[in-house]
Each structure stands twice: as C-alpha cells, then as structure tokens.
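I opened this notebook to keep track of what I looked up in one structure. The entries follow the order in which I checked things.

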Amino acid sequence: MCTYLTQKIELDGAAKGATGWFTVSDGAVYVDHPFHACHEHTLNIDFTNPAEGPSARVAVELTEEAALALVDAIQKALASAPPGLASGGHARAAS
Amino acid sequence: MNDAIWAGTVTVAGHEDAELEAYLARPLGDQPRGGVVVIHHMPGYDQASKEIVRRFAAHGYAAVCPNLYSREGAGVSPDDQAAAARAKGGVPDEQLVGDVAGAAAHLNGLEHANGKIGVIGFCSGGRQTFLAACSLQIDAAVDCYGAFVVNEPPAGSGMKATSVLSKSPDLSCPLLGLFGADDSFPGPEEVGVLSAELDKLGKEHEFHTYPDAGHGFFAVDRPSYRPAAAVDGWKKIFDFYGRHLGA
C-alpha cells in the first residue's frame with residue numbers, strides 16, 4: 001500500500017549528495033514503497049534544499065527496525081552531550 | 001509478420017504547452033493501431049514504467065508515458081524529480097489532464113494511428129486514469145489499484161489529490177479496474193462503492209479483485225509482485241484494449 005502520508009519538517013544543517021555538500025533546509029519522512037531498497041515498504045527520509053533544485057537531495061530508505069534504532073541512537077547521542085551543544089542558536093551565538 | 005518495435009525518448013507538449021520528456025514505443029509495421037497513454041506510478045518515471053510502454057508496443061499499440069514530473073527540471077534524475085513532486089503534494093489534477101491530452105494528441109499524430117486512445121495508470125496513476133477518462137474523450141481506460149477515486153486522502157497527508165467520484169457521470173469510456181484484495185488504498189470497500197456508482201450511472205465497467213495480492217502487484221521489480229494476479233491482469237488488459245482500441 002502507499003500510505004501517502006508525508007511528514008514535512010524544516011531542517012537546519014548540511015548533507016552530502018550526488019553533487020557534493022549542500023545546506024539542508026527541508027526534510028520529508030514517509031512510509032512507502034522504496035525506490036531502491038529491496039523491501040515492500042520502508043521508512044523513507046529525504047534531506048533536501050528545494051532552493052537548490054531537486055538534485056539537492058539525500059535519500060534514505062530504512063526498515064522499520066532500522067529507523068527506530070536510528071531514532072534511539074540520535075536520542076542517545078544528543079543525551080550524551082551537554083544540552084544545547086549542537087543547537088542552531090548555540091552555533092550562531094558562538095560564531 | 002513484422003514484430004519489430006522502436007522505443008526511445010521523445011518530447012510531447014503537455015498542459016499549457018509545457019515541454020514534457022516522454023518515453024514512446026511503437027511497432028515498425030504499417031498496420032493501423034490504437035494508442036495507449038501510460039501514467040506512471042507515484043515513484044515516478046522509472047525503468048519499470050518504460051518496460052510497460054514497450055510491452056504495449058510489442059502487442060501492436062503505440063504507447064507513450066509522459067514524465068509527469070518533467071517540470072521538476074531537465075537533467076534531474078527521476079527519483080529526485082519524484083521526491084520533489086511528492087513534497088509538493090503531487091501534480092495538480094488540471095495539469096495531469098492537460099498532460100494526458102498532449103500525450104494522446106502525440107499518439108494520434110503518429111503514422112498509422114487509428115484515432116483510438118486508451119489510458120492506463122498504476123497506483124496514483126490509477127486515480128489519474130479515472131480523472132483523465134472523466135475529463136477527456138478516451139476510448140478505453142484501465143485503473144490499476146488507484147486510491148482516492150472514492151475516499152479522500154488521510155487528513156494531514158499533504159496530498160493535493162481529492163476524491164473524483166463526483167466526476168463519474170462524465171466517464172467517457174469503458175473502464176477496466178484491477179485491484180488487490182489485500183490493498184488498503186484502495187480497499188475492497190472503496191472499489192465496491194465505485195462499482196456501485198458506475199452501475200447506478202449505467203457506465204460500462206469491469207472490475208477484478210485478486211486474492212493474495214495487495215497494492216502494486218504488477219510491479220515486477222518490487223516484492224509486491226504477484227505473478228498469478230499480474231499474468232491474469234495483463235491478459236485482461238490486452239483483451240479489453242483488443243475490444244475497444246481496434247481499427
């Protein structure tokens with residue numbers, strides 16, 4: 001099935017795509033058929049910057065288990081650092 | 001017998017004369033033939049969609065699949081175009097109708113065209129096929145598991161698509177519908193509602209729901225592929241087009 005449900009988020013960071021590094025401004029998260037992964041459905045994440053065109057995209061297709069493990073790993077990594085260390089506000093204030 | 005075909009990328013004029021990349025395949029013989037517009041699925045204008053186009057040519061039709069996401073930029077890979085189109089909620093209905101009309105006109109402008117046009121679409125293209133057949137003069141339409149013909153997309157989906165059931169009185173041609181019993185978009189109940197509506201309106205249609213098949217059972221490159229359903233489905237498609245797109 002296609003869920004058609006797309007969670008869209010604003011992001012602030014950078015990613016390396018087919019044409020090199022670009023600033024990431026947007027993200028889309030959805031469970032649907034993957035383009036490449038050999039599973040019927042995957043949790044798909046697109047890291048994008050629409051202002052730089054459709055090719056400014058890093059695509060990730062993960063199994064449900066892998067996606068949940070990634071969420072857990074992100075939470076743990078952030079929890080092990082002082083609060084605010086990687087915050088966008090902190091980075092700007094420090095620069 | 002000449003069973004040779006030509007296949008390759010062409011340009012067709014879409015909605016508001018937009019230049020669309022498209023994949024065309026046609027027999028090299030000189031028999032009069034019908035044309036088929038193939039509407040690709042939501043993941044975009046991919047190799048599997050092009051294979052479907054060649055399949056129609058091998059069966060004697062001229063077929064073309066316009067890249068509905070062409071506007072996302074020339075030289076952009078189809079999967080990036082699809083992601084960009086998805087982030088915008090899919091393509092607007094009006095644009096889709098114009099693109100199908102342009103693709104159909106291209107087919108009718110080819111040598112040996114008999115003037116008959118079929119449309120077929122998969123996944124989101126199934127709904128778009130129904131929309132096109134209710135908006136344009138088509139000769140035969142095939143909806144392969146198109147969702148949101150009857151039901152609205154889930155709240156918060158961000159999709160531009162809305163139910164097109166109210167357009168049913170304008171359906172211009174016979175409709176073949178092929179569905180999976182295990183699909184949820186569209187689920188069997190949704191298929192039943194569409195069938196009942198077309199019955200009520202006296203619109204010619206033929207629906208088949210395959211057991212042990214879900215969404216995407218025609219997709220040979222995906223785990224959703226169900227050979228029994230797909231083989232029978234293709235047989236029904238060619239029988240249907242044989243009856244309605246003949247000279």
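**Entry 1: the cores**

I began with the largest nonpolar core, which has 46 residues; Val37(B), Leu107(B), Phe130(B) and Leu194(B) touch the most other members. The model is a predicted one. I then asked which element gives the largest share of this core. It is helix 3 of chain B, residues 93-108, with 6 residues. I also noted a second core, separate from this one, with 32 residues, among them Tyr23(B), Ile52(B), Ile120(B) and Phe240(B). In soluble globular proteins, nonpolar side chains tend to be buried together.

Next I looked up what Leu194(B) touches, leaving out residues up to four places away in sequence. The list is Phe130(B), Val149(B), Val150(B), Leu165(B), Ser168(B) and Phe207(B).

**Entry 2: strands of chain B**

I followed strand 5 of chain B, residues 113-122, to its partners. Strand 3, residues 33-39, runs parallel to strand 5, and 6 bridges join the two. In this pairing I found Ile39(B) opposite Gly121(B) of strand 5. Strand 6, residues 140-144, is also parallel to strand 5, and here I noted 5 bridges. One of the residues I checked was Gly118(B), whose bridge partner in strand 6 is Ala140(B). Between strand 5 and strand 6 the chain passes through helix 4 of chain B, and this β-α-β crossover is right-handed.

**Entry 3: Ala133(B)**

Helix 4 of chain B, residues 124-135, contains Ala133(B). Is Ala133(B) buried or exposed? Its relative accessible area is 0%, and buried means under 20%, so Ala133(B) counts as buried. Not counting residues up to four places away in sequence, Ala133(B) touches Ile138(B), Ala141(B), Asp170(B), Leu171(B), Ser172(B) and Cys173(B). I also took the C-alpha to C-alpha distance from Ala133(B) to Lys167(B): 9.5 Å in space, for residues 34 apart in sequence.

**Entry 4: aromatic rings**

I looked up how many aromatic pairs there are over all chains, and the total is 15. One of them is Phe179(B) with Phe207(B), edge-to-face, at 5.3 Å centre to centre and 70° between the planes. Phe179(B) lies in strand 7 (residues 175-180) of chain B and Phe207(B) in strand 8 (residues 205-210), so this pair ties together parts 28 residues apart in sequence. I found both Phe179(B) and Phe207(B) to be buried.

I then turned to Phe218(B) and Trp234(B), an edge-to-face pair with 5.4 Å between centres and 70° between planes. Phe218(B) is in the loop between strand 8 and helix 6 (227-244) of chain B, while Trp234(B) is in helix 6, and the two are 16 residues apart. Both Phe218(B) and Trp234(B) are buried. They belong to one aromatic cluster, whose members include Phe56(B), Tyr61(B), Tyr210(B) and Phe238(B).

Two arginines came up as well. The charged end of Arg55(B) sits over the ring of Trp234(B), 4.3 Å from its centre. Arg86(B) lies over the face of Tyr30(A), at 3.7 Å from the ring centre.

**Entry 5: chain A**

Tyr30(A) led me to chain A. I counted 2 helices and 4 strands there. What is their order from the N terminus on? The elements run β-β-β-β-α-α. Of the 95 residues in chain A, 31% are buried. Last, I looked at contacts in chain A between residues at least 6 apart in sequence, and 32% of these join residues at least 24 apart.

Notes: Residues are numbered from 1 along each chain as its sequence is written. Chains are lettered from A and ligands numbered from 1 in the order in which they are written. This is a predicted model: local features need pLDDT of at least 70, side-chain atom pairs count only at pLDDT 80 or more; totals for chains, interfaces and linings use all residues. Side-chain values use heavy atoms; hydrogens and water are left out. Buried means under 20% relative accessible area, exposed over 50%, partly exposed in between (1.4 Å probe, protein chains only). Contact means heavy atoms within 4.5 Å. Two strands pair if DSSP finds at least two bridges between them. A crossover is right-handed if, with the strands pointing away from the viewer, the path from the first strand over the helix to the second runs clockwise. Rings of Phe, Tyr and Trp (its six-membered ring) pair if their centres lie within 6.5 Å; planes under 30 degrees apart count as stacked, over 60 as edge-to-face and the rest as tilted. A charge sits over a ring if NZ of Lys or CZ of Arg is within 6 Å of the ring centre and within 35 degrees of the ring normal. A nonpolar core is a set of buried Ala, Val, Leu, Ile, Met, Phe, Trp, Tyr and Cys residues joined through side-chain atoms within 4.5 Å.
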